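Here's a quick walk through a protein model with bound ligands, written for someone who likes cut-offs spelled out. Have a look at the structure first, then read on.

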Amino acid sequence: SQYRVAVVGATGAVGTVMRAKLKERGFPAETIVPFASERSEGRELDGVPCRVLSDESIQGFDIALFSAGATTSRAWAQKFVDAGAVVVDNSSAFRKDPEIPLVVSEVNPDALEGHKGLIANPNCSTMQLMVALKPIYEAAGIDRLIVSTYQSVSGTGVKAVKELEDQTRAALAGEPLPDATIYPHHIAFNVLGGAGNFVDGDDHTDEERKMMHETRKILGDQSIKIAVTCARVPVRNSHSESVSLETREALSVEDARKLLENQPGLIMVDDPRTHAYPTALASAGHDEVFVGRLRRDPTHERGLQMWVVSDNLLKGAATNAVQIAEVLHERGLVKVPAAA
Ligand code: A2P
Ligand code: 11C
């Protein structure tokens with residue numbers, strides 16, 4: 001079958017990659033129609049003019065991939081569903097809704113069965129963590145998790161990439177740095193110890209809360225204890241994560257390594273003798289999640305530590321959204337159930 005596909009947020013950091021991945025992976029699309037804001041109306045992307053969202057313009061699609069921010073998703077995703085399209089939404093708008101599947105394609109694809117038209121794509125930092133935790137969780141359970149992230153600026157969008165570049169250029173030229181506009185501090189030559197926003201006086205950022213909530217939902221285990229610090233670093237692409245975990249049952253480092261080596265979508269890069277471990281630069285442009293530094297936590301007999309890196313625009317966002325569309329296609333789930 002050939003699907004009519006809409007990409008909402010098609011000019012953005014993630015939307016651009018969504019369009020490229022649909023083509024590169026050979027998704028059976030008859031048309032790929034880009035949607036963006038009024039600023040981009042009529043601009044041609046791959047020869048197709050960008051549309052603005054309206055009750056008329058959204059008719060006639062089978063699938064819509066959304067990455068235009070939570071406000072746009074809240075306003076328009078359900079309207080696409082009502083018009084007959086299955087929506088895979090990359091924003092945070094619907095992830096917490098217990099009725100809406102939150103899916104990492106290699107981790108919990110069965111959650112797609114019985115969907116009601118809306119499917120949520122996890123946050124990028126959670127996404128890569130899930131691929132690395134899944135085989136360990138299945139084998140030995142996870143009692144406690146401590147994660148520190150080192151997140152790239154492309155996770156914030158194209159404007160943040162420009163802000164990093166502009167500040168870096170000014171700093172190298174010995175000029176005063178342009179004011180920080182996207183982040184609360186300068187990002188060039190800096191590390192920001194609270195990626196995301198502090199909402200309503202919370203002592204965690206929303207980005208940290210997402211990882212805590214989404215991890216438990218995707219692994220289907222509310223009893224996992226999880227502590228998170230999310231940091232923003234002056235890196236263009238790929239999030240890196242220091243992960244410490246305590247399994248429920250005994251699991252040797254050797255067995256954990258075998259499990260990770262057999263996990264689809266995951267590549268081990270781990271040889272201390274040659275300084276081989278994943279880096280942001282080396283992982284950028286690849287669809288996989290890369291894991292290295294696997295070792296025993298010397299403070300806990302069931303503790304393991306590892307370093308998890310992945311391109312946040314690819315597996316962390318666009319690739320997984322397209323993989324969800326592929327699973328929907330393979331399982332005959334590209335259809336919106338009739339309203340009850
Ligand atoms: P536009 O380029 O016309 O502003 P990023 O995540 O890189 O910041 O990109 C955000 C994406 O969401 C862009 O494609 C942007 O389009 C799109 N977008 C923002 N607001 C709207 C809106 N109200 N309706 C549709 N698309 C929107
Ligand atoms: C970041 N993960 O790197 C975020 C961006 O909930 O989809 C994506 C926000 C989201 O800042």
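Two strands count as paired if DSSP finds at least two bridges between them. Strands themselves are DSSP runs of E with at least two residues, numbered from the N terminus. With that in hand, β8 and β9 pair in the parallel sense over eight bridges.

Before going further, some housekeeping. This is a predicted model, where local features need pLDDT of at least 70, side-chain atom pairs count only at pLDDT 80 or more, and totals for chains, interfaces and linings use all residues. Residues are numbered from 1 along each chain as its sequence is written, chains are lettered from A and ligands numbered from 1 in the order in which they are written, and side-chain values use heavy atoms, with hydrogens and water left out.

**The six-strand sheet**

The β8 and β9 pair sits in an open sheet of six strands with mixed pairing, ordered β9-β8-β10-β13-β12-β11. Its edges are β9 (225–232) and β11 (266–268); each has a single partner strand, so one side of each has no neighbour in the sheet. From one strand to the next the twist averages 20 degrees (axes are lines fitted to C-alpha atoms, and angles run from 0 to 180 degrees between N-to-C directions).

What does β8 do with β10? Strand β8 (residues 142–151) pairs with strand β10 (residues 239–247) in the antiparallel sense, over eight bridges. If you want to check the register, Ile142 has Thr247 in β10 as its bridge partner, and Ile146 stands opposite Ser244 in β10. Toward β9, Tyr150 faces Ala231.

**The five-strand sheet**

There is also an open sheet of five strands, this one with parallel pairing and the order β2-β1-β5-β6-β7. Here β2 (29–35) and β7 (118–120) are at the edges with a single partner strand each, so one side of each is left without a neighbour in the sheet. Neighbouring strands are turned by 20 degrees against each other on average, direction ignored. Strands β5 (residues 63–66) and β6 (residues 86–89) run parallel and are joined by four bridges, with Ile63 partnered by Val86 in β6.

**The ligands**

Which residues surround ligand 2? They are Asn90, Ser92, Arg95, Asn123, Cys124, Gln151, Gly155, Glu207, Lys210, Arg232 and His239, where a residue counts as near if one of its heavy atoms lies within 4 Å. By class that shell has one nonpolar, six polar and four charged residues. For these classes, Ala, Val, Leu, Ile, Met, Phe, Trp, Tyr, Cys and Pro are nonpolar, Asp, Glu, Lys and Arg are charged, and the others, Gly among them, are polar. The shell takes at least three residues from each of domain 1 (3–121 + 318–330) and domain 2 (126–312), with bounds from an automatic or database domain assignment.

Around ligand 1 there are 15 residues, of which Thr11, Ala13, Ser37, Arg39 and Ser40 come nearest. That shell divides into six nonpolar, eight polar and one charged.

Now the polar contacts (pairs of N or O atoms within 3.5 Å):

| Ligand atom | Protein partner | Distance |
|---|---|---|
| ligand 2, oxygen | Arg95, side chain | 2.8 Å |
| ligand 2, nitrogen | Glu207, side chain | 2.6 Å |
| ligand 2, oxygen | Arg232, side chain | 2.5 Å |
| ligand 1, oxygen | Gly12, backbone | 3.0 Å |
| ligand 1, oxygen | Ser40, side chain | 2.5 Å |
| ligand 1, oxygen | Val158, backbone | 3.2 Å |

How much of ligand 1 is covered? On its own, ligand 1 has 580 Å² of accessible area, and the protein covers 72% of that. Ligand 2 taken alone exposes 320 Å², of which the protein buries 83%. These areas come from the Shrake-Rupley method with a 1.4 Å probe.

Definitions and conventions: Polar contact = N/O pair within 3.5 Å; in protein donor to acceptor, adjacent residues only side chain to side chain.
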